[in-house]
Amino acid sequence: MQAMIEQLQQMKLTGILEAWREQQAMPTYHDLSFDERLALMVEREYIRRQNQRMQRRLRQARLPVHATLDAVDFDVPRGLRKIQFLEFAQGHWLQENLSLIILGPTGVGKSFLAAVLSHHLCKQGHSVRYIKTADLVLELKLAKGDGSYPKLRKQLAAYDLLVLDEWLRDPLSVFEAREVLDILDERFRKASCLFATQMPLEQWHSQIQDPTLADAILDRIIHDAMKVLLRGESMRKLTSKLTQKPEGEMSINRSDEENTTRETTLKTQKEKRNEKKEGQMEE
């Protein structure tokens, strides 16, 4: 029996080993047939491996936050349609190699929504890489310097979804635009991209210094991309404790202001009376 345990450990079948030990220790399983007990052990191993793969995908994704669909507030008025967002979470657009643009002003939740979608897609079995555009450009530059450029490009091309956050926040130089174009060209109609940006679509072209490269980059994005246009106030503002003071606290603050004003007025009147008395005494 010890030999079997060691063999299971060497083959890294820890799920089967754990299930077997559980069955040995609990009488509940003893009246089951061999096939039934074996099926339960195999199922345990299968679930363990699936969870391992999911955790690996989440680590590779490098998400800024790990949030589920339940964390999205669809009641906030910002132009986010619940049914549309949930459809995106199903990942059908990845199978069709389409892209997605999440566009809106600062603080409206673009990065958060992109991370939520990425997290859910990882759980569904898709490989994702989340990166800010400026960091991607820097990684490409460093990779060219240390000789790892071919490996990095191969890795980026292999992901089912490449998320480029803060897309075109900073203008792309000719060198940077050429590198980004190569990445997008390798993924064109082969794998999906998600662009989260506060830059309006009509300003994308001017953010790329070389007009020819700008044409090429936009041509590989716009025609196969779905769009989510967000609007409204900053979520940081709406969720700030300072902007959500209870009514009682606000009324107390107003009372404090009124009391302060009243005390200042009384103090001024008292000072005037004292000055008047001092003037009469001098006369």
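**Group meeting talk: a walk through a predicted model**

Let's start right inside the protein: setting aside neighbours within four places in sequence, I221 is in contact with I101, W167, L184, F195 and W204. Before I go on, please keep in mind that this is a predicted model.

So where does I221 belong? The largest nonpolar core has 32 residues, and I221 is listed with W167, L184 and I217 as having the most contacts inside it. Several elements feed this core with at least two residues each: the strands β1 (99-103), β3 (161-165) and β4 (192-197), and the helices α7 (133-146), α8 (149-158), α9 (174-187) and α10 (211-219). There is also a second, separate core, with 31 residues, and A67, L94, L113 and V116 are among them. As general background, nonpolar side chains in soluble globular proteins tend to be buried together.

Now let me step back for the overall numbers. The chain contains 12 helices and five strands. Of its 283 residues, 37% count as buried. The accessible surface comes to about 17,600 Å², and carbon and sulfur atoms account for 52% of that. For those of you who like contact maps: take the contacts between residues at least 6 apart in sequence, and 77% of them join residues at least 24 apart.

Next, helix α9, which we just met as a supplier of the core. How far apart should the ends of α9 be? With 14 residues at 1.5 Å a residue, the expected span is 20 Å, and the end C-alpha atoms are indeed 20 Å apart, so the two agree. The buried residues of α9 are E176, A177, E179, V180, L181, I183, L184 and R187. Notice that this list holds E176, E179 and R187 alongside residues such as L184. Which elements cover them? The cover includes α7, α8, β3, β4 and α10.

Right after α9 comes something for the Ramachandran fans. R189 follows the helix with a positive phi, near 55°, and R189 is not a glycine. It sits in the loop between α9 and β4. R189 counts as exposed because its relative accessible area is 53%, over the 50% cut-off.

On the other side of α9 in sequence, the loop between β3 and α9 holds L168. L168 also has a positive phi, about 60°, without being a glycine. Is L168 buried or exposed? Its relative accessibility is 1%, so L168 counts as buried.

Let's move to the start of the chain. Helix α2 covers residues 14-25, and the same check applies: its 12 residues should span 16 Å, and its end C-alpha atoms are 16 Å apart, so that agrees as well. Buried in α2 are G15, I16, L17, A19, W20 and Q23. These buried residues pack against α1 (2-10) and α3 (34-61).

How do α1 and α2 meet? Their axes come within 8 Å and cross at roughly 145°. From α1 the contact uses M4, I5, L8 and Q9, and from α2 it uses I16, L17, W20 and R21. Sorted by class, that makes six nonpolar residues, one polar and one charged. A general reminder fits here: an α-helix has 3.6 residues a turn, so residues three or four places apart point the same way.

I16 brings us to α3, where E43 is found. E43 and I16 are 27 residues apart along the chain, yet their C-alpha atoms are separated by 8.3 Å. E43 itself is partly exposed, at a relative accessible area of 44%.

Two loop residues to finish. E96 lies in the loop between α5 (92-95) and β1. What is its partner in space? The C-alpha atoms of E96 and K190 are 8.6 Å apart, with their positions 94 residues apart in sequence. E96 counts as exposed, at 55% relative accessibility.

Then there is Q124, in the loop between α6 (110-123) and β2 (128-132). Leaving aside neighbours within four places, Q124 is in contact with A89, Q90 and G91. Q124 and A89 are 35 residues apart in sequence and 9.3 Å apart C-alpha to C-alpha. Like E43, which is partly exposed, Q124 is partly exposed, at a relative accessible area of 35%.

That's the tour, and I'm happy to go back to any part of it.

Notes. Residues numbered from 1 in each chain as written. Predicted model: local features only at pLDDT ≥ 70, side-chain atom pairs only at ≥ 80, totals over all residues. Heavy atoms only, no water. Helix = DSSP H or I, 4+ residues; strand = E, 2+ residues; numbered from the N terminus. Buried < 20%, exposed > 50% of the residue type's maximum accessible area, 1.4 Å probe, protein only. Contact = heavy atoms within 4.5 Å. Areas by Shrake-Rupley, 256 points an atom, 1.4 Å probe, with all protein chains shown as cover. Expected span 1.5 Å × (residues − 1). Core = buried A, V, L, I, M, F, W, Y, C linked by side-chain atoms within 4.5 Å. Axes fitted to C-alpha atoms, helices over the stretch in contact; angles between N-to-C directions. Nonpolar A, V, L, I, M, F, W, Y, C, P; charged D, E, K, R; others polar.
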